[in-house]
Amino acid sequence: QLQASGGGLVQAGGSLRLTCAASKGTFSSYVMGWFRQPPGKEREFVAAIRASGVTTNYADSVKGRFTISRDNATNTVYLQMNSLKPEDMAVYYCAANFAYMSQFPSEYDYWGQGTQVTVSS
């Protein structure tokens, strides 16, 4: 089970850190991803991190502004979001994938409930 938190209202240019806490299990074996779904749009890939935490991947739209990290000791994955833009506004979801550093939501096995990020201009 995944529990996302940390969303909120922020002004453009501001920062937020999202947290995804996983229940006990084989968290350290999973690829973890963050996705987002803007209003009226499809869910889209934001970032992913391998089980070891060494390898990461980002959507072009967030490269240089967002950072994904994980702490396998506490079963937690983070998304640090800096220089937020109005177009970053969405519901953000964390997800777990047993095998692939994938950008496709369909390849993720477990999902959190989502946390709303609102960016005012």
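This passage walks through a sheet, a disulfide, a set of salt bridges and one buried threonine in a predicted model.

Let's start with the sheet. Four strands make up an open sheet in the order 1-3-8-7, and their pairing is antiparallel. Strand 1 (2-5) and strand 7 (66-71) sit at the edges with a single partner strand each, so one side of each is left without a neighbour in the sheet. From one strand to the next, the twist averages 15°. As background, strands of a sheet pair through backbone hydrogen bonds, and they can do so in a parallel or an antiparallel way.

At one edge, strand 1 pairs with strand 3 (residues 16-22) in the antiparallel sense, over four bridges. Here S5 stands opposite T19 of strand 3. At the other edge, strand 7 pairs with strand 8 (residues 76-81), again in the antiparallel sense, over six bridges. In this pair, F66 stands opposite M81 of strand 8. The hairpin of strand 7 and strand 8 has four residues between the strands, and N75 takes a positive phi near 55° there.

Strand 7 is also a nice place to see side chains alternate. F66, I68 and R70 point to one face and are buried, while T67, S69 and D71 point to the other face and are not.

Next comes the disulfide. The model has one disulfide, and it joins C20 to C94 with an S to S distance of 2.1 Å. C20 belongs to strand 3 and C94 to strand 9 (residues 90-97), so the link connects distant parts of the chain, 74 residues apart. The link of C20 and C94 is right-handed, with 60° about the S-S bond. Both of these cysteines, C20 and C94, are buried.

Charged side chains add further links, and the structure holds four salt bridges. D88 takes part in a salt bridge with R36, where the closest N and O atoms are 2.9 Å apart. D88 lies in the loop between strand 8 and strand 9, while R36 is in strand 4 (residues 31-37), so this pair ties together parts that are 52 residues apart in sequence. D88 counts as buried at 1% relative accessibility, and R36 counts as buried at 4%.

D88 also forms a salt bridge with R65, with the closest N and O atoms 2.7 Å apart. Because R65 lies in the loop between strand 6 and strand 7, this second pair ties together parts that are 23 residues apart in sequence. Like D88, R65 is buried. Through shared partners, salt bridges join R36, E44, R65 and D88 into one network.

Another salt bridge runs between K63 and D60, with the closest N and O atoms 3.2 Å apart. K63 lies in the loop between strand 6 (56-58) and strand 7. How open are these two residues? K63 is partly exposed, with a relative accessible area of 49%, and D60 is exposed at 65%. K63 and V46 are 17 residues apart in sequence, and their C-alpha atoms are 9.1 Å apart in space.

Finally, there is T115, found in strand 11 (residues 115-120). T115 is buried, with a relative accessible area of 10%. Its side chain reaches the backbone nitrogen of G7 at 3.0 Å. Leaving aside neighbours within four places in sequence, T115 is in contact with several residues, including A4, S5, G6 and G7, as well as L18, A90, V91 and Y92.

Key:
Residues numbered from 1 in each chain as written. Predicted model: local features only at pLDDT ≥ 70, side-chain atom pairs only at ≥ 80, totals over all residues. Heavy atoms only, no water. Helix = DSSP H or I, 4+ residues; strand = E, 2+ residues; numbered from the N terminus. Buried < 20%, exposed > 50% of the residue type's maximum accessible area, 1.4 Å probe, protein only. Polar contact = N/O pair within 3.5 Å; in protein donor to acceptor, adjacent residues only side chain to side chain. Contact = heavy atoms within 4.5 Å. Pairing = 2+ DSSP bridges. Axes fitted to C-alpha atoms, helices over the stretch in contact; angles between N-to-C directions. Disulfide = S-S within 2.5 Å.
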